[in-house]
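Biologist: I'm new to this one, so could you walk me through it? Let's start with the picture.

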Amino acid sequence: MTTDNPRILRSSELTRFRLAPNPGPMSLAGTNSYLIAAPGAAGTVVVDPGPLDEEHLQELAQAGAVELILITHRHADHTAAAARFAEITGAPVRAADPAHCHAGSPLRDGEVLQGAGVEIRVLATPGHTSDSVSFHLPDDGPAGSVLTGDTILGQGTTVLDYPDGTLGDYLDSLDRLERLGPAMVLPAHGPVLPALDTVARAYRDHRQERLAQIRAALEILGRDAAPEAVADVVYADVGPAVRRAAELSVAAQLDYLRSRSR
């Protein structure tokens with residue numbers, strides 16, 4: 001049964017979202033759990049049910065009969081509630097990683113899904129993690145929309161969860177997303193953004209700037225410097241809450257530079 005809920009907000013013509021109650025240094029204001037449905041559809045498709053919070057899950061379930069649950073990637077702030085939400089709704093859970101599927105098959109790159117009256121195209125976009133996927137809704141507004149998970153955020157930059165996530169994969173994913181043009185960006189954290197192609201280019205430019213800073217640091221520290229030492233130089237202004245994330249991103253960038261030099 002669909003109910004009007006002030007915590008479930010319209011994000012695009014075909015999507016709404018509820019912000020999960022899990023704010024933090026890495027999750028920003030919290031995880032955006034999206035509901036996809038065509039106008040007048042009785043059912044919904046839910047993307048990233050989020051953390052295991054019963055009130056959050058019950059309100060998602062009451063927003064429309066859930067036909068399918070989709071996962072953008074393996075991190076717990078997206079997947080911890082998946083099994084419980086499947087239990088509440090009876091809907092299958094599909095993810096790229098079979099470990100996070102419940103009564104559903106793994107997602108395939110290029111697969112086209114139909115749910116709640118909406119066409120949903122699955123795009124493999126690894127880099128943040130190896131199993132990261134995005135969901136393209138080509139009919140969502142004039143230029144379509146893309147649910148980008150943590151591959152592109154509504155604010156800040158994406159952490160590469162090295163060694164599972166790699167910079168080479170991430171740059172390829174940005175290229176792939178840019179080719180979708182000025183689609184609306186529906187991120188898993190932070191606000192909705194316009195013009196995916198513009199955002200993807202800005203993300204790539206930021207990565208290239210960081211690579212230049214790391215090359216400069218290596219000139220001072222030596223080419224075999226450890227990620228921790230490079231982070232002291234390149235990320236000197238970051239606080240302890242995100243220090244580990246900075247070191248992971250440095251490690252991913254060092255691996256990228258060293259593999260290219262080899």
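**Around one arginine**

Biologist: Leaving aside neighbours within four places in sequence, which residues is Arg-207 in contact with?

Modeller: This is a predicted model, where local features need pLDDT of at least 70 and side-chain atom pairs pLDDT 80 or more, while totals for chains, interfaces and linings use all residues. Residues are numbered from 1 along each chain as its sequence is written, and side-chain values use heavy atoms, without hydrogens or water. With contact meaning heavy atoms within 4.5 Å, Arg-207 touches Thr-158, Val-159, Leu-160, Leu-167, Tyr-170, Leu-171, Ser-249 and Gln-253.

Biologist: How far from Arg-207 is the nearest side chain of opposite charge?

Modeller: Arg-207 sits in helix α5, residues 196-221 (a DSSP run of H or I, at least four residues). Arg-207 is buried (under 20% relative accessible area, 1.4 Å probe, protein chains only), yet has no salt bridge (Lys or Arg side-chain nitrogen within 4 Å of an Asp or Glu carboxyl oxygen). With Lys and Arg counted positive, Asp and Glu negative, and His and chain ends left out, the nearest opposite charge is on Glu-209, away by 10 Å.

Biologist: Which helices do the buried residues of α6 pack against?

Modeller: In α6, residues 227-234, the buried ones are Val-230, Ala-231 and Val-234. They lie on the same side of α6, because their arc around the axis (directions from the axis to the C-beta atoms) is only 105°. Those buried residues pack against α5 and α7 (243-261).

Biologist: Which strands are the edges of the six-stranded open sheet?

Modeller: The order is β1-β2-β3-β4-β5-β6, with mixed pairing (pairing takes at least two DSSP bridges; a strand is an E run of at least two residues). Pairing on one side only are β1 (8-10) and β6 (93-94).

Note on methods:
Buried < 20%, exposed > 50% of the residue type's maximum accessible area, 1.4 Å probe, protein only.
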